[in-house]
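The report below considers one helix and its surroundings before turning to the protein as a whole.

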Amino acid sequence: MRYICILTSFVVISLSSFGQASKTYNSRDLVALRLLPATWERYWNTHNMDSMGTMLRKDVDFVTVAGTWLKGKAEAVKDHKQKHQTMFKSSVWTTDSMELKYLKPDLAIMHIGWGLRGDFDPDGTPRQPRHGIFTWVIIKDKGQWKLLAVHNVNKREPVLPDK
């Protein structure tokens, strides 16, 4: 009986929290946020880094997969433009997954799983297809959701034991 009371309390608290969240975050925000990874993918695959820049706040902090810390929108766009003329010029980005967490009505965190193929190492050697995870801190700025902080990492491939 005690477990049923605990379970019932948990369900009531969960439902009331869900009700609060649905009042706080409107469906337009949810749709806009969920479209961001597809928008990133489109800009990447068309190698349109000026358009990619429209997703960034002016004061964005962007840590690349190589560990370079790009400070500000201008620096992030410039770096990506340079790389899309060389090592990423024929790359194809695929968004694999997305998870969204609201922190406040104007602030969210998103984790995006991605795949990349067709890119090159800085020395021109073709890379093997790879996967990674983006972490985005997204803020609603003048009615638009913008990336405030970005951190990108490659996933390590599992090391299989020798047989």
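**Helix H4 and its partners**

In this predicted model, the buried residues of H4 pack against two helices, H2 (27–45) and H3 (49–53), and against two strands, S1 (56–63) and S2 (69–71). Those buried residues are Ala 76, Val 77, Asp 79, His 80 and His 84. Because they cover an arc of only 165 degrees around the axis, they lie on the same side of H4, whereas Ala 74 and Lys 78, on the other side, are exposed.

The length of the helix can be checked as well: at 1.5 Å a residue, the 12 residues of H4 (residues 73–84) should span 16 Å, and the end C-alpha atoms are indeed 16 Å apart.

**The nonpolar core**

The largest nonpolar core has 28 residues, of which Trp 40, Leu 56, Phe 62, Phe 134, Trp 136 and Ile 138 touch the most other members. Two or more residues come from each of H2, H3, S1, H4, S4 (107–117), S5 (130–141) and S6 (144–154).

Phe 62, when neighbours within four places in sequence are left aside, is in contact with Trp 40, Leu 56, Thr 68, Trp 69, Leu 70, Ala 76, His 80, Phe 134 and Val 150.

**The protein as a whole**

The secondary structure comprises 4 helices and 6 strands, which follow the pattern α-α-α-β-β-α-β-β-β-β along the sequence. Of the 163 residues, 30% count as buried, and the protein exposes about 10,700 Å², with carbon and sulfur atoms supplying 59% of that area. Among contacts with a separation of 6 or more, 53% are between residues 24 or more positions apart.

Definitions and conventions
Residues numbered from 1 in each chain as written. Predicted model: local features only at pLDDT ≥ 70, side-chain atom pairs only at ≥ 80, totals over all residues. Heavy atoms only, no water. Expected span 1.5 Å × (residues − 1). Buried < 20%, exposed > 50% of the residue type's maximum accessible area, 1.4 Å probe, protein only. Arc of directions from axis to C-beta. Contact = heavy atoms within 4.5 Å. Core = buried A, V, L, I, M, F, W, Y, C linked by side-chain atoms within 4.5 Å. Areas by Shrake-Rupley, 256 points an atom, 1.4 Å probe, with all protein chains shown as cover.
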